[in-house]
Amino acid sequence: MKKSNKKTYKGSSGKKKSLNLEIIKAAARGEEWAMKNILKYYDAYINRLARQELFDCYGNPIVCMDYVFKEELQSKLLEGVMSFKIRE
């Protein structure tokens, strides 16, 4: 059995779901449920990008989340999705 190379995320039921064209089309139309699905799909990746490693006065690393940067990334993602021109 061949493995799929599709990116997937786990939904609330724990099953893997893929981000399909219908969700992207709905998000491009401004559907709130679709935008939430897209944000959930990319959440782990955005968290990794927004993570910063700081050091205390003893030189120990501290990993923290830059929530302002995370919100900026999420906004840019949704702006990009809403600007999609999908031909049918």
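These are my notebook entries on helix H2, the nonpolar core and a surface patch.

**Ground rules.** I am working with a predicted model, where local features need pLDDT of at least 70, side-chain atom pairs count only at pLDDT 80 or more, and totals for chains, interfaces and linings use all residues. Residues are numbered from 1 along each chain as its sequence is written, and side-chain values use heavy atoms, leaving out hydrogens and water.

**Helix H2.** I looked up H2 (helices are DSSP runs of H or I, at least four residues, numbered from the N terminus). H2 covers residues 32-50, 19 residues in total, yet its end C-alpha atoms are only 23 Å apart, short of the 27 Å of a straight helix (1.5 Å times one less than the number of residues). I then found a kink of about 55° in H2, centred on aspartate 43 (the angle between axes fitted to the seven residues ending there and the seven starting there).

**The core.** I checked which H2 residues are buried (under 20% relative accessible area; exposed is over 50%, partly exposed in between; 1.4 Å probe, protein chains only). Among them are Ala34, Met35, Ile38 and Tyr41. These four also belong to the largest nonpolar core, which has 11 residues (buried Ala, Val, Leu, Ile, Met, Phe, Trp, Tyr and Cys joined through side-chain atoms within 4.5 Å). Helix H1 (21-28), H2 and helix H3 (67-82) each give two or more residues to this core.

**Two partly exposed residues.** Glutamate 79 sits in helix H3 and is partly exposed at 49% relative accessible area. I placed its C-alpha 9.0 Å from that of alanine 28, 51 residues away in sequence. Leucine 21, in helix H1, is partly exposed too, at 47%.
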